[in-house]
Amino acid sequence: MRITVTVDGTTYTDEVEPRQLLVHYLRETIGKVGTVIGCDTSNCGACTVHLDGQSVKSCSVLAVQVDGSEITTVEGLARDGRLHPVQQAFHDNHALQCGFCTPGMIMQSIDLLAENPDPDENAVRHGLEGNLCRCTGYQNIVRAVRDAAHKMRPGAGPDAERVEHSPSHAVGGE
Ligand code: FES
Ligand code: FES
């Protein structure tokens with residue numbers, strides 16, 4: 001089957017198998033290897049991307065289902081050579097060790113902040129409960145998300161209100 005999909009600001013048209021998972025399409029067909037596979041069974045959240053502005057686990061979506069859609073991966077977040085404020089906050093707060101969970105954590109965190117721009121610790125933990133990390137103990141991840149929330153607040157500087165939640169806000173790749 002043929003699909004046309006926009007990923008990180010670039011439009012692709014490809015033939016896909018009816019049973020091909022979106023995560024395999026992203027990684028193997030168009031080379032978006034920043035989106036990783038941790039489990040393939042919808043448990044870990046490592047494969048999270050934004051589909052038409054909402055976070056989804058891309059191992060739980062078929063490639064044929066995204067025909068006509070707009071997808072943002074972790075590779076499409078940086079803008080003009082600057083990390084997205086959530087990416088920067090993960091860096092600044094040492095919110096990763098091996099980094100395997102990080103692409104999915106960041107994509108889910110951005111979605112979380114779009115829903116709730118000022119989450120307390122419980123709200124962050126609740127919002128990220130579908131994303132597993134085997135290294136960090138989550139403490140610095142929670143800190144990073146709250147730090148990003150602070151920096152993205154209106155009037156907080158250049159990163160204020162930079163929330164990639166709807167297709168109209170989606171940004172292209174570097
Ligand atoms: S690889 Fe998709 S949830 Fe684990
Ligand atoms: S940093 Fe290793 S799994 Fe999260």
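1. Two residues are taken to be in contact if their C-beta atoms, placed from the backbone, lie within 7 Å; helices (H or I, at least four residues) and strands (E, at least two) are DSSP runs, numbered from the N terminus. This is a predicted model, in which local features need pLDDT of at least 70 and side-chain atom pairs count only at pLDDT 80 or more, whereas totals for chains, interfaces and linings use all residues. Residues are numbered from 1 along each chain as its sequence is written, and chains are lettered from A and ligands numbered from 1 in the order in which they are written.

2. On the overall fold, the protein has five helices and five strands, and their order along the sequence is β-β-α-β-β-β-α-α-α-α. Of its 174 residues, 41% count as buried, where a residue is buried if 20 or more other C-beta atoms lie within 10 Å of its own, exposed if 12 or fewer, and partly exposed in between, with C-beta atoms placed from the backbone. Among contacts between residues at least 6 apart in sequence, 62% join residues at least 24 apart.

3. Strand β1 pairs with two other strands, pairing being accepted if DSSP finds at least two bridges between the strands. With β2 the pairing is antiparallel over six bridges, and T6 stands opposite T11 of β2; with β5 (residues 70–72) the strands run parallel and are joined by two bridges, V7 standing opposite I71. The side chains of β1 alternate, in that I3, V5 and V7 point to one face and are buried, while R2, T4 and T6 point to the other and are not. This follows the general rule that in a regular strand the side chains alternate between the two faces of the sheet.

4. The hairpin of β1 and β2 has two residues between the strands, and D8 there takes a positive phi near 50 degrees, although D8 is not a glycine. Most residues other than glycine have a negative phi, and a reviewer may therefore wish to look at this position. D8 is buried, with 22 other C-beta atoms within 10 Å.

5. A second hairpin is formed by β3 and β4, again with two residues between the strands, and D52 in its turn has a positive phi of about 50 degrees. Strand β3 (residues 48–51) pairs with strand β4 (residues 54–57) in the antiparallel sense over four bridges, and the bridge partner of H50 in β4 is S55.

6. In helix α1 (residues 22–29), L22, V23, Y25 and L26 are buried. These residues lie on the same side of α1, because they cover an arc of only 165 degrees around the axis, the arc being that of the directions from the helix axis to the C-beta atoms. Strand β1 is included in what covers the buried residues of α1, and just after the helix G31 takes a positive phi of about 75 degrees.

7. How much of α3 is buried, and against what does the helix pack? Of its 14 residues 12 are buried, so α3 is largely enclosed by the rest of the structure; among them are M105, I106, L112 and L113. The buried residues of α3 pack against β3, β4, α2, α4 and α5. The length of α3 agrees with expectation, because at 1.5 Å a residue its 14 residues should span 20 Å and its end C-alpha atoms are 20 Å apart; the expected span is 1.5 Å times one less than the number of residues.

8. The largest nonpolar core has 43 residues, of which L22, V66, I141, V145 and A148 touch the most other members; such a core is a set of buried Ala, Val, Leu, Ile, Met, Phe, Trp, Tyr and Cys residues joined through C-beta atoms within 7 Å. The elements that give two or more residues to this core are β1, α1, β3, α2 (85–92), α3 (102–115) and α5. Domain 1 (2–76) and domain 2 (85–161) both give residues to the core, so it lies between them; the domain bounds come from an automatic or database domain assignment. Leaving aside residues up to four places away in sequence, V145 touches S109, L112, L113, P119 and V124.

9. Two positions around α4 and α5 complete the note. N122 lies in helix α4 and counts as exposed, with 9 C-beta neighbours inside 10 Å; N122 and V142 are 20 residues apart in sequence and 9.0 Å apart in space, C-alpha to C-alpha. Y138, in the loop between α4 (121–127) and α5 (139–151), has a positive phi near 75 degrees and is partly exposed, with 18 other C-beta atoms within 10 Å.
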